[in-house]
Amino acid sequence: MIRRAWLRAGLAIAAALAPLSTGAHAASGIGDIAGTWINPHGSVKVVTGDCGGRLCGWISWVNAEAMADAQSSGVTRLIGTELLRNYHATDAGRWQGEVYVPDMGRTFYSTIDLRGHDRLRISGCILGGFMCKSQIWQRA
């Protein structure tokens, strides 16, 4: 009887600590994805890295066409904008967070899948992940 109580207590403690270990895993997985990435059109570069134990990405370069598109939507500054926000690891090579679309002024649920060392699939979704659009980004 006492042995079962200790076993239950141990399982409860392990369950309580599980989210903490996931956070550590998320932070350690950021190194695999940290760096500079370019979108499939070659018009935007994003630098990814750690932001408080989460994965984030900031626009580091845009071409003239991307800047013109943003300006026509009322966006005056892109460099330094946090495009990828608050991603956490959900599995090896997979993150979940939010993607900001500057010319829409909106943030969407998003996933990132690391595909080898040099490719990312970034998906932005609406309706709770029901409808998604994806792009393959390359390491720059």
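**Two disulfides and two buried residues**

The link between C51 and C56 is right-handed, with 50 degrees about the S-S bond. The model is predicted, and this disulfide is one of 2 that the structure holds. The sulfur atoms of C51 and C56 lie 1.8 Å apart. The partners have unlike surroundings: C51 is partly exposed, at 22% relative accessibility, whereas C56 is buried, at 0%. The cut-off matters for C51, because buried means under 20% relative accessible area and C51 has 22%.

The other disulfide joins C125 to C132, with 2.0 Å between the sulfur atoms. The torsion about its S-S bond is about 105 degrees, so this link is right-handed. Here C125 is buried, at 5% relative accessibility, while C132 is partly exposed, at 46%. C132 does not count as exposed because that term requires over 50%, and the value for C132 is 46%. When the bonded cysteines are counted along the chain, the pairing follows the pattern 1-2, 3-4. In residue terms, C51 is bonded to C56, and C125 is bonded to C132.

From the cysteines, the path turns to I30. This residue belongs to helix α1, which covers residues 2-33. I30 has a relative accessible area of 5%, and it counts as buried because this value is under the 20% limit. Leaving aside residues up to four places away in sequence, I30 touches G49, D50, G53, R54 and L55. Another relation of I30 is with H88: the two are 58 residues apart in sequence, and their C-alpha atoms are 8.9 Å apart in space. H88 is not among the residues listed as touching I30.

The last stop is T81. Its place is in the loop between α2, residues 64-72, and β4, residues 82-91. Although T81 sits in a loop, it counts as buried, with 12% relative accessibility. With residues up to four places away in sequence again left out, T81 touches G57, W58, I59 and Y100.

Which residues does I30 touch, and which does T81 touch, beyond four places in sequence? For I30 they are G49, D50, G53, R54 and L55; for T81 they are G57, W58, I59 and Y100. Both I30, at 5%, and T81, at 12%, are buried.

Note on methods
Residues numbered from 1 in each chain as written. Predicted model: local features only at pLDDT ≥ 70, side-chain atom pairs only at ≥ 80, totals over all residues. Heavy atoms only, no water. Helix = DSSP H or I, 4+ residues; strand = E, 2+ residues; numbered from the N terminus. Buried < 20%, exposed > 50% of the residue type's maximum accessible area, 1.4 Å probe, protein only. Contact = heavy atoms within 4.5 Å. Disulfide = S-S within 2.5 Å.
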